[in-house]
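This briefing is intended for a reader who has the sequence and the coordinates at hand. Please consult the display while reading the points below.

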Amino acid sequence: MPTDIKSLTQEELQAQFQAWGQPTYRAAQLLEWLYARRVVDWDAMTNLPRALRDRLRTEFTLHTLALVRKQGATDATQKFLWRLPDHALIESVLIPANPALYGEPSDRHTLCVSTQVGCAYGCEFCASGLDGWKRNLGVEEIVEQVVAVERWNDREQSKVHSPQSIVGGEAITQDAARYLPESRTQTTDEDEALDPASRIPHPATPPRLVNNLVIMGMGEPLANYDPLLKALRLLNAPWGGGIGARKITISTSGLAPQIRKLAEEPLQVRLAISLHGATDATRNRLMPVNRKYPLSELIRACECYLEKKGRMLTFEYLLIAGVNDGLAQVEPLAALARRLKAKVNLIPYNPVDGLPWQRPTDAAQEAFLAALEKRKVPATLRREKGSDIAAACGQLRLKTEHELAAST
Ligand code: SAH
Ligand code: SF4
């Protein structure tokens, strides 16, 4: 299998170019085409010599995600269903900043990305695990979810603005030359071999949309550890996705050994634990992973994370009617939150077709929140309607898979 170009770090690219006798600034030029301009084919990289483009084309793939389906309005939560090169389907969810959560109205967006096709962990309430685990996503498939959403946004913006503004490098504004990247001002002998098109200045680099990343889509991120960590380094790098490490949150169902491993990583990402129960009895009922790593083990791993990383833990707590929303769960939950200095995110369950679980009434949700607050635990309750779609990652893919199966 050839390597995909979006799975390489800047250092790896530089080493490759050096081995080919290319100047190292070519790596910066290539990365700009991939992450800032988000082009989808080699021929668009007009400041790279044609021979180099041809060599890249033979040695690497440049895969992009194909948008199969999109749900949601442009100014609200939107769900993207992507087809991978092997036809597997995955989801990403784009969530506009909620002023109530961030304290500021803004154009900030959070993207929720998937890390696996399906999930092997089989939590009883979750759509992602219903059809089991198919495969892990590669580095580039994680990275490309962000790039593809940015690319989609570029296209949306170009519909809104004048046809001259951002149209795949073809329509050029008068003052575009002001925005030329520095690397393009360097000339070498090889520039003689460039396309005539490369002498036309490129339009301004399109702005970025995604500034927060949550690894809460389909799959268990820590079960795809190495590709995920590499993808996050690429998405965090200034020459790559440019997303601050503290703006990245990994959510896990509780893989204790991998949490300890993550604590040793230099990358300062946030960690969210999908707790959903504050006692082994409740967690065992909902999450098979708890039989392998019971609460005591999970909490010790979290303590280790806390020790190494400081205050960066969140507990995700789904509220499911009659299962874990009883006030008897509040005291043990508060005790765990205090012990780990964790914030609690209460998430009203989003019912899944074919599963019996229900969301508690608004009053029951508010009562649970109030009981936590009374115990001085920092907690939020997701009330807004839009995030229903976000909370139910895995459902659009499941629905589409089932529709496709029914039609054949
Ligand atoms: N596997 C990881 C990350 C993906 S799941 C994990 O379990 O943390 C992301 C979050 O969505 C988890 O907190 C999960 O419990 C929650 N979730 C799954 N199905 C849901 C549903 N139907 N309604 C609301 N949240 C759901
Ligand atoms: Fe997998 Fe997370 Fe869904 Fe559990 S909640 S089945 S770990 S994706």
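The following points cover the sheet, its helices, two loop residues, the cysteines and a ligand site. The model is predicted. Its open sheet comprises ten strands with mixed pairing, and the shell around ligand 2 includes Cys119, Glu220 and Ser253.

**The sheet**

- The ten strands of the open sheet follow the order E3-E4-E5-E6-E9-E10-E11-E12-E13-E14, and their pairing is mixed.
- Strand E3 (66-71) and strand E14 (379-381) form the edges, each pairing on one side only.
- From one strand to the next, the twist averages 25°.
- Strands of a sheet pair through backbone hydrogen bonds, either parallel or antiparallel.
- Strand E4 (residues 78-83) and strand E5 (residues 89-96) run antiparallel and are joined by six bridges.
- Lys79 has Val93, in E5, as its bridge partner.

**Helices on the sheet**

- Helix H5 (residues 139-160) lies across E3, E4, E5, strand E6 (109-112) and strand E9 (210-215).
- The direction of H5 is at about 115° to E4.
- Helix H11 (residues 295-309) also packs on the sheet, where it touches strand E11 (270-274) and strand E12 (313-319).
- The direction of H11 makes about 165° with that of E11.

**Two histidines with positive phi**

- His87 is not a glycine, yet its phi is positive, at about 75°.
- His87 is placed in the loop between E4 and E5, the two strands that are joined by six bridges.
- With a relative accessible area of 59%, His87 is exposed, because the value is over 50%.
- His276 likewise has a positive phi, near 60°, in a residue other than glycine.
- The loop between E11 and helix H9 (280-286) holds His276.
- His276 has a relative accessible area of 5% and is therefore buried, the limit being under 20%.

**Cysteines**

- A disulfide is a covalent bond between the sulfur atoms of two cysteines.
- The structure holds zero disulfides.
- Cys112 is buried, with a relative accessible area of 3%.
- Cys119 is buried as well, its relative accessible area being 10%.

**The surroundings of ligand 2**

- Which residues surround ligand 2? They are Cys119, Tyr121, Gly122, Cys123, Phe125, Cys126, Ser128, Gly219, Glu220 and Ser253.
- By class, this shell consists of five nonpolar, four polar and one charged residues.
- Cys119, one of the residues around ligand 2, is the buried cysteine with a relative accessible area of 10%.

Key. Residues numbered from 1 in each chain as written. Chains lettered and ligands numbered in written order. Predicted model: local features only at pLDDT ≥ 70, side-chain atom pairs only at ≥ 80, totals over all residues. Heavy atoms only, no water. Near = heavy atom within 4 Å. Nonpolar A, V, L, I, M, F, W, Y, C, P; charged D, E, K, R; others polar. Disulfide = S-S within 2.5 Å. Buried < 20%, exposed > 50% of the residue type's maximum accessible area, 1.4 Å probe, protein only. Pairing = 2+ DSSP bridges. Helix = DSSP H or I, 4+ residues; strand = E, 2+ residues; numbered from the N terminus. Axes fitted to C-alpha atoms, helices over the stretch in contact; angles between N-to-C directions. Contact = heavy atoms within 4.5 Å.
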